[in-house]
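Me: Could you take a close look at one part of this model and describe its surroundings carefully?

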Amino acid sequence: MTVCQAPAAPTHELPGVRFTTLVSPRRGSAETSVWLLELHADAEVVPHRVTREEIFVALEGDAIAILDGVAHQLRVGDALALSPDVEFTLATAGPQPFRAMVCLPVGGQAVIGDGPAFTPPWAE
């Protein structure tokens, strides 16, 4: 058992997006990585897919998830189970940031376009 204190959680930033690692293999987990996602209206929307199921739980704000070309609204309390190999984008549905808790099995990777699969640093 490992307790990961929140203030020590590493943060990774991209323009308009913040990922705060709560638990990952580098932080003591063996099977699941969990992070907080904070997405702002000015974030670049990057179509990508994952190699393992990824779970999003909406905590604050609204977002639009586009899964294989179909738009889905996410509101506080909603959960999204993203299947492997589904092209996916996520954007805020208004001016307020969208926050979610995200879970990905250890070994899950992201793929952008035709590029190679990679483990996001917030999931390592």
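The part in question is strand 9, and the reply below follows it from its pairing to its end.

Reply: Because the model is a predicted one, what follows describes computed geometry. Strand 9 covers residues 88-92, and four of its five residues are buried, so the strand is largely enclosed by the rest of the structure. It runs antiparallel to strand 6 (residues 63-67), to which five bridges join it, and within strand 9 it is T89 that stands opposite I66.

The strand also takes part in the largest nonpolar core, which has 24 residues, and F88 and L90 are, together with F56 and F98, the members that touch the most others. Strand 9 is among the elements that give two or more residues to this core, a list that also includes strand 5 (54-60), strand 6 and strand 8 (79-82), although the largest share, four residues, comes from strand 10. Beyond its neighbours within four places in sequence, F88 is in contact with V46, P47, H48, F56, A65, I66, L67, L80 and L82. In soluble globular proteins, nonpolar side chains tend to be buried together.

T92, which is found in strand 9 as well, counts as buried because its relative accessibility is 14%, under the 20% cut-off. A polar atom of the T92 side chain lies 3.1 Å from the backbone oxygen of G94, and, leaving aside neighbours within four places in sequence, T92 is in contact with L39, H40, A41, D62, A63, P97 and F98. Of these contacts of T92, F98 is also named among the core residues that touch the most other members.

Technical notes. Residues numbered from 1 in each chain as written. Predicted model: local features only at pLDDT ≥ 70, side-chain atom pairs only at ≥ 80, totals over all residues. Heavy atoms only, no water. Buried < 20%, exposed > 50% of the residue type's maximum accessible area, 1.4 Å probe, protein only. Polar contact = N/O pair within 3.5 Å; in protein donor to acceptor, adjacent residues only side chain to side chain. Contact = heavy atoms within 4.5 Å. Pairing = 2+ DSSP bridges. Core = buried A, V, L, I, M, F, W, Y, C linked by side-chain atoms within 4.5 Å.
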